[in-house]
Amino acid sequence: MIKSDKKICLVSGDYPPCRGGLADYTKCLYDELIKNLNPENVYLVTSTEDDMRVELKEKNIFKIIPRWNFGGIIKLFNFIRKIKPDIVHIQYPTQNYKRDLAVDFFPFILKLTRPKVGTISTLHEFSNRSLLGKLRLSISILFSSRIIVVSKLYKKDILKFLWPFRLLLESKIIYIPDGANILPPEKDVIDLRIIQEIKERIKTNNNDFIICFFGSIRLGKGIEFLLNALDLLIKNGHSNFKLLFIGQFGGDIYKRIREIIELNHLEKHVHFTGYCSPTEVSYYLLSSDACVLPFEDGVSTKRGSLMAAIFHKLPIISTFSKNPPDELINEENILLVNYGNVKELKETIIRLSKKEDLRSKLREGLVKILDSFSWQTITNKTIGLYQDILSKSKN
């Protein structure tokens, strides 16, 4: 166990009320760490909330960085120097870092000025980044004491991209999957009336089958692929399918999606929830019959939306990956299709809707792997990493 006098400082550009997966991830990790460690010695540094740039303090949460440029990094460094943490754990990338390069240099600055401080960088993206993006992340990778990757593919691609440093990095990169940022209520407190009301609002009749998509709408999520499959379903006479988009969407991609819906006359079959609280998201997931997440780059444990579907025990359809997670097995706890094959996705949705025994099998398969992705497991592995760094710093 980590000694109670050891200090841990999380650093993340995103934290609620900022919306997004990284904000939710950071909150979940922070909450779990203060449950498992001395809460007085767990700190979090994040962005200021508003244009007033006022320094706020909520327990050990410091919302003090107005911008993550070199001015902001100086402020972060001065804070680190003041509290003297033993571990600094940074999340990459976040919305609020924007395109500022300074945060990528922070592990190097700490290595240079405070060599006894252990630095961990968690990478929530890598393989899907541009060449410039990978080069930027490489700075933090090379100068961090440890690297956490939320997908095994990232480790493979990092070692390939930074092959001259392969021997140095091999043991430094640790896989710890993402966790579910949205968890279902306890079974005995689920309000069945809310679920029934949602179903009545979406369904035209009792035979309707609700498939949901949860997560931000952006390139790489396979939204057009999913809409094309829905269009094919309807045109082939399967008018009992409803597609539920859970979350708040906007921008040019959302406009493009609306155009596809209108062009194919899918308005009666597609529903948008708009922004939802975590509790509302959970009830929309519980009201769905299945979840379809047709990612362009394939199923991956980096996806918080996938984790949410897993913990809600929803039958899931996703796409094959070049480096699939060991825990997810096609036909056992998930159904996988080839990205872009509209006919295959359509047929898989029909098959899942018609076979209740298949849906039950998938749910039972998910129950068996929940512990692998639980926040307690993630936290235990993270604390184990802290312990490893602290033990080596004594030598």
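This is a guided tour of one protein model, stop by stop, for you to follow in your viewer.

**Before you start**

The model is predicted, so local features need pLDDT of at least 70, side-chain atom pairs count only at pLDDT 80 or more, and totals for chains, interfaces and linings use all residues. Residues are numbered from 1 along each chain as its sequence is written, and side-chain values use heavy atoms, with hydrogens and water left out.

**Stop 1: the whole protein**

Show everything and colour by pLDDT, the predictor's confidence in each residue, from 0 to 100. The mean is 90, and 96% of the residues reach 70 or more. Now select residues 51-57, where pLDDT stays under 50. For this stretch the model has 13 contacts beyond four places in sequence; a contact means heavy atoms within 4.5 Å.

Switch to a cartoon view. How many helices and strands does the protein have? There are 14 helices and 14 strands. These are DSSP runs (H or I for helices, at least four residues; E for strands, at least two), numbered from the N terminus.

Zoom out a little. The C-alpha atoms fill a box of roughly 65 × 45 × 40 Å along the principal axes. The radius of gyration is 22 Å, which agrees with the value near 21 Å for a compact globule of 395 residues. That radius is taken over C-alpha atoms, and the globule rule is 2.2 Å times the number of residues to the power 0.38.

Try a surface view next. The accessible surface comes to about 18,800 Å², and 52% of it belongs to carbon and sulfur atoms. Accessible areas come from the Shrake-Rupley method with a 1.4 Å probe, and for residues only the protein chains shown count as cover. Buried residues make up 52% of the 395 residues. Buried means under 20% relative accessible area, exposed means over 50%, and partly exposed is in between (1.4 Å probe, protein chains only).

**Stop 2: a cis bond and strand β2**

Select Pro-16 and Pro-17. The peptide bond from Pro-16 to Pro-17 is cis, with omega near 15°. Pro-17 lies in the loop between β1 (8-11) and α1 (21-36).

Then jump to Val-45, in strand β2 (residues 42-47). Is Val-45 buried or exposed? It counts as buried, because its relative accessibility is 0%. Show what surrounds it: beyond its neighbours within four places in sequence, Val-45 has contacts that include Cys-9, Val-11, Phe-62, Ile-65, Trp-68 and Phe-79. Draw a distance from Val-45 to Ile-90, 45 residues apart along the chain, and you get 9.6 Å between the C-alpha atoms.

**Stop 3: Lys-98 and Thr-119**

Select Lys-98, in the loop between β5 (87-92) and α3 (106-113). It has a positive phi of about 50° although it is not a glycine. Lys-98 counts as exposed, because its relative accessibility is 61%.

For a contrast, pick Thr-119 in strand β6 (residues 118-123). Thr-119 is buried, with a relative accessible area of 2%. Among its contacts beyond four places in sequence are Val-88, Ile-90, Leu-110 and Arg-146.

**Stop 4: helix α4 and a nonpolar patch**

Helix α4 covers residues 131-143, and Phe-143 is part of it. Phe-143 is partly exposed, with a relative accessible area of 30%. Select Phe-108 and Leu-112 as well: with Phe-143 they make a nonpolar surface patch of about 270 Å².

Gly-133 is in α4 too, and Gly-133 is buried, at 8% relative accessible area. Its C-alpha atom is 32 Å from that of Leu-183, 50 residues apart along the chain.

**Stop 5: helix α11**

Finish at residues 304-311, helix α11. How many of its eight residues are buried? Eight of the eight are, including Leu-306, Met-307, Ile-310 and Phe-311. Turn on the neighbours: the buried residues of α11 pack against β9 (209-214), α10 (278-287), β12 (290-293), β13 (316-319) and α13 (356-369).

Last of all, click on Lys-313, in the loop between α11 and β13. Its phi is positive, near 55°, in a residue other than glycine. Lys-313 counts as partly exposed, because its relative accessibility is 33%.

Note on methods: Patches are made of residues with over 30% relative accessible area and no salt bridge: like charges are joined within 9 Å, nonpolar side chains (Val, Leu, Ile, Met, Phe, Trp, Tyr) within 5 Å. A salt bridge is a side-chain nitrogen of Lys or Arg within 4 Å of a carboxyl oxygen of Asp or Glu.
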